[in-house]
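Here are a few exercises to work through with the model open on your screen. Try each task before you read its solution.

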Amino acid sequence: MSAPELILTNGKVYSVTLDDEIIRGDAVAVKDGKIFKVGTADEIAAFASDDTEVIDCHGNTILPGLCDAHCHPSLAASSMAGADLFGVYREEGQSADEVIDILMGKLKEYVDANPDKEVIRGTGWVYQIFNPAERMPTRHDIDKICADKPVILESFCQHNLWVNTKAIEIAGVDENTPDTKIGCIYREEDGYPQGVFNDPEAMEYIRMGVPGYDLSVEEYKQSILWYQHECANRYGVTFVQDCMHTDNARQAYKELAEEGKLTIRLRAVYHLKPEKYEQQMPEFISRKGTDNVGNDFRIDTVKMFAEGTFSMLDGYLPDFCDALGVPHDFNGPLYWPDDVFTEYAAKAMEAGFNVHVHAMGDASVKQSAECLAKAQHIVGKQPRNIIAHVMLTPDETAALMGKEKIIANCQPAWMMLESDVSGEIEMFGAEKALQSYPFRKFIDNGVTVAFGTDFPVTPPPDTMQEICAAMTREITPGSIGYDKFKGQKLGDEEPATLAEAIKALSINGAYQMFGEEFTGSIEEGKSAELVVLDSDLESTPAKDIYAVKIDKTIFKGKVVFDLASE
């Protein structure tokens, strides 16, 4: 019998199975890219030969390869290929004009440094810090910096575009362009676009109307390679779901998989749009399987947005509605009628897809769970459907998700009291806002919880910060607003345990992406996706886990990240 090619020894294996068994051991042997044996250091040492590479883990934790089961790696290309507008928030007493001046200063630096760019991009500005009743960003702000070529600035959440006049002209949008059913074109008094396009249909005017807006396949390939090293493997991630991408990005993924250059497994989605579903669904069904490249890149999921802005059962506070200039019973639009949502979710399931729904407000989470449940009964199966973000979830909806085995994809980096939640208190009150981002409610109702970062919405995609936030529900050092919010918990919900957090970051993410049979836990016969930390996680106080580093990441038995060589 040939010897293992790699042994991790003197470590502390910590891996959780789907049925909550915790797998332990001191050492792991890897053979032919798979986990050969888990056991004590002496047991595993007996399998070694002179050719076996042995890594001493110095008493630190060994985890399974981790999962980011909801993120947007290809969108990170925009921030790499444009102006970095992240991290600009509105301080107390600061005017909207002052914030815009800061953003335009960042844009000018980029424009001056990139005179050859035909389309100027930028990513990261925060839509929520502007009040439509006071002052919104406009095309004229950007025109002062760059008027002779199109400028398109994506908000950090990817739900808004802020553009200049040239981009509007090239896209062929003017005062005669009809309003969209989904989303909003902010307009000037004469009806001409003001410069902000909100949510999918409105944003589509710019995205489809400005030639060269999307990046090339080669540009995407370079940014994906950067992402997999700097944002995935660096944080111990070996399995990723990209929940929004362009045709060029999809082609880039396929080519990298075919070229053997991926050190992560990737799952992608087909995005079913409320304005195009009748044309799109037959295309998705006929396309199923044709984009797959072995097990390294697959598309088994249809993505739907239930909302863009929060769709709330109880609406917003009167003062906030007054500021928005909307009726007091305004609560944000749902994108789909119930019957269409149910019908097309069922069509996707019948074709072998699972359905991944973006829903944050309690109205949209409720609708999503109810429509998915109805669709599951129509097709007679429960195909691992997902509701992502689930910021606010009524008790009866959580119970329904547990009963119908609908997965909750949560972002633990949001499970803390910080600037965004502080803004939500102003929108719909402290009682509701402090119930945001539940975890214990899902666990108590038997809901499978998988973690995702939503990167680049929340940079960096640090798995140890995810664990720390899930286990404390408190802001971590280094976060924006730390001095203001430190020591304050988000609500009174019981935080996650270490086992629950690890399970949501590993085997549950693999389960969501149909990969639990070959990855997600440290079990013999599975692919050797392993993570060595620089600390013993179980002896590290929860509040300090944010500072733990990934020492090594192993993918298919090969070390793909080594902190010592960085």
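What follows is a set of three tasks, each with a worked solution.

Before you start, note that this is a predicted model, where local features need pLDDT of at least 70, side-chain atom pairs count only at pLDDT 80 or more, and totals for chains, interfaces and linings use all residues. Residues are numbered from 1 along each chain as its sequence is written, and side-chain values use heavy atoms, with hydrogens and water left out.

**Exercise 1.** Work out how the axes of helix H7 and helix H8 cross.

Step 1: find the helices, residues 217-232 for H7 and 247-258 for H8. Helices (H or I, at least four residues) and strands (E, at least two) are DSSP runs, numbered from the N terminus.

Step 2: take the axes, which are lines fitted to C-alpha atoms, for helices over the stretch in contact, with angles running from 0 to 180 degrees between N-to-C directions. The two axes come within 8 Å and cross at roughly 60 degrees.

Step 3: list the contacts (heavy atoms within 4.5 Å). From H7, Val217, Tyr220, Lys221, Ile224 and Leu225 take part, and they meet residues of H8 including Ala249, Ala252, Tyr253 and Leu256.

**Exercise 2.** Lay out the open sheet of five strands and find its edges.

Step 1: write down the order, E2-E8-E23-E24-E25, with mixed pairing. Two strands pair if DSSP finds at least two bridges between them.

Step 2: look at the ends. E2 (12-13) and E25 (558-562) each have a single partner strand, so one side of each is left without a neighbour in the sheet.

Step 3: zoom in on one pair. E8 (residues 61-64) and E23 (residues 530-533) run antiparallel and are joined by three bridges. Ile62 sits opposite Val532 in E23.

**Exercise 3.** Which residues line the largest cavity?

Step 1: set the search on a 1 Å grid over the protein atoms alone, where a cavity is a set of points that a 1.4 Å probe fits but cannot get out of; lining residues have an atom within 4 Å of a point. Grid points are joined across faces, edges and corners, and a volume is the space filled by probe spheres set on the points.

Step 2: read off the hit. The whole structure has one cavity of 30 Å³ or more, and the largest cavity has a volume of about 40 Å³.

Step 3: name the lining: Gln241, Arg267, Ala268, Arg298, Asp300, Thr301, Gln512, Met513 and Phe514. Strand E18 (297-305) gives the largest share, three residues.

Note on methods: 1 Å grid on protein atoms, 1.4 Å probe; cavity = no way out; pocket = protein on both sides within 12 Å on 5 of 7 lines; lining within 4 Å.
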